[in-house]
Amino acid sequence: MKQFIKAIFLLVLFLYLAGCSLFESNTSLMSPPALPDAEEKILSALNQYVSSSAELLTPLNGEQSKSIILEDLDGDGEEEAIVFYKEGTGTIKGIVLAKKDKWEKVTEISGEGKYLYDLVFFDMNEDGQKEIFMGTSYSKTEEGSRVLFVYDIKKEPVLLLEESYSYFLVDQFGSTGSALGLIKFQRGTENLLSLYKMKDNNLSVIDGLKLDPYINGYVTLNSGKITPNEWGMMLDVGVGAHSGRTFIISVKKGKLKNVFSDEENESANEEDPTFKASIVGSEDTNQDGILEYAVLEDPVAADYSHADMPYITVFYQLDEKREPQVVSKAFYNYTFGYKISIPLEWPAVKIKKTDDWKHVEMIQGDNEMVLFDVYVSEMKRMDHWEKLEETDDYVYLSKTVTNENKHLFQLIDVVE
Ligand SMILES: [Ca+2]
Ligand SMILES: [Ca+2]
Ligand SMILES: [Ca+2]
């Protein structure tokens, strides 16, 4: 299961080069105009419990952009409504409403902090009902001020955990079962991954693993299978000016292990097989349920600077013996939001591109044959070119596309 933060290269560049905040405040005042029926009913029910001047909050991290969050927490097939808010100078509160004859309050929870940073629903104690994982913060960007509150709300809300954190993820880890991975990170000082499980009605630490504290920070956190028979995490981190690594952590019978390092506090180095010149997130690119980590390779005979290099992104999956195997390759054009998949049977490719990245040609290294090309145009002209795709901004054209290779081109989401 992919846990959260889908990292996107441009976003990362933005974070690392510009040093700016990733997230904009996502708050809204109550009583906005013209809402769909259900939302209006929930808001009017909410008015009985929450003052009309309260500020409704949405999680800063993640794709959730609505302040009324619908989720079936108790597994009865009906969605409950969960709303987080802040009144005046107060701290975060959350309220859960369920639809009976009308929307009514079921329970209330509270936290510290001014911002809702993370929000996850997950059945940690495996009783069929989801717990609320509420990550709160006093700052929009500082990892240091985040506190995770985990509530079981089955009857009266029970606080299962209150713990400072920088990042977390939850998943079912095979023989380990449902567990929480919580990272405390302070650059140069601390980088501790702790594994929590339910024990006697409490979320308790069952193992810990020290990771390299000299990284810049975490970019994507994924959990799932890391080999055909092992569960774990792939944690993509930034190192140096713009490089990246992936911590591959196995989670087995409640124990954490760093797959590519037995050494605690091992420092960032280019011998790490997961090292890449720019950060690229891990993902399951061939949809077989096993995660891959990415590395960047130079195309053949490439004479470009780092910033201008048309890297080939190569995704590796670990086999049963934890040996890396290439499962897919692609060229990503983040400027114009597309990728060209590179079939593994292709010979080593050269990539030619214009300075503005608008025209890209994949060339067979030994005989200069153009295998695939993409030209991005603002004009809707079509003469001599075949159209691959069209968006509001651009038309994507090619001279080499055929029915057989058309699937190699795909638009990708680039968050700006
Ligand atoms: Ca329900
Ligand atoms: Ca539960
Ligand atoms: Ca895979």
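How many helices and strands does the secondary structure of the chain come to? In this predicted model, the count is 2 helices and 28 strands. The chain has 416 residues, and buried ones make up 35% of them. As for who touches whom, take the contacts between residues at least 6 apart in sequence: 46% of these join residues at least 24 apart.

Before going into detail, a word on confidence. The mean pLDDT of the chain is 88, with 88% of the residues at 70 or more. Residues 1-29 are another matter, since pLDDT is below 50 over that stretch. The model still gives residues 1-29 a set of contacts beyond near neighbours in sequence, 57 in number. Where pLDDT is low, though, predicted coordinates should not be read in detail.

One part worth walking through is an open sheet built from 5 strands, in the order β23-β24-β25-β27-β26, with antiparallel pairing. At its edges sit β23 (349-353) and β26 (386-390), each of which pairs on one side only. On average, neighbouring strands in this sheet are turned by 20° against each other, if direction is ignored.

Going through some of the pairings, β24 (residues 359-364) and β25 (residues 370-377) run antiparallel and are joined by 5 bridges. Here Glu361 faces a partner in β25, standing opposite Asp373. These two strands form a hairpin with 5 residues between them, and in this hairpin Glu368 takes a positive phi near 65°. On to the next pairing: β25 is also linked to β27, antiparallel again, through 3 bridges. In that pairing Val376 stands opposite Tyr396 of β27. Finally, β27 (residues 395-398) is joined to the edge strand β26 by 4 bridges, and the two run antiparallel. Glu386 is found opposite Ser398 of β27. As a general reminder for anyone looking at side chains here, in a regular strand they alternate between the two faces of the sheet.

Elsewhere, the loop between β13 (190-199) and β14 (202-210) holds Asp200, and Asn201 has its place in that loop too. What is the phi of Asp200, which is not a glycine? It is positive, at about 45°. Asn201, likewise a residue other than glycine, has a positive phi near 60°. Most residues other than glycine have a negative phi, which is the reason for pointing these two out. Is Asp200 buried or exposed? Asp200 is exposed, because just 5 other C-beta atoms lie within 10 Å and 12 or fewer is the cut-off for that label. Asn201 has 10 other C-beta atoms within 10 Å, so it counts as exposed as well.

Tyr49 offers a look at another loop, the one between α2 (37-46) and β2 (55-57). Why does Tyr49 count as partly exposed? It has 15 C-beta neighbours inside 10 Å, and the partly exposed class lies between the exposed limit of 12 or fewer and the buried limit of 20 or more. Which residues does Tyr49 contact, leaving aside its neighbours within four places in sequence? The contacts are with Ile95 and Lys105. Glu104 is 55 residues from Tyr49 along the chain, and the C-alpha atoms of the two are separated by 9.5 Å.

Methods:
Residues numbered from 1 in each chain as written. Chains lettered and ligands numbered in written order. Predicted model: local features only at pLDDT ≥ 70, side-chain atom pairs only at ≥ 80, totals over all residues. Contact = placed C-beta atoms within 7 Å. Pairing = 2+ DSSP bridges. Axes fitted to C-alpha atoms, helices over the stretch in contact; angles between N-to-C directions. pLDDT = per-residue confidence, 0-100.
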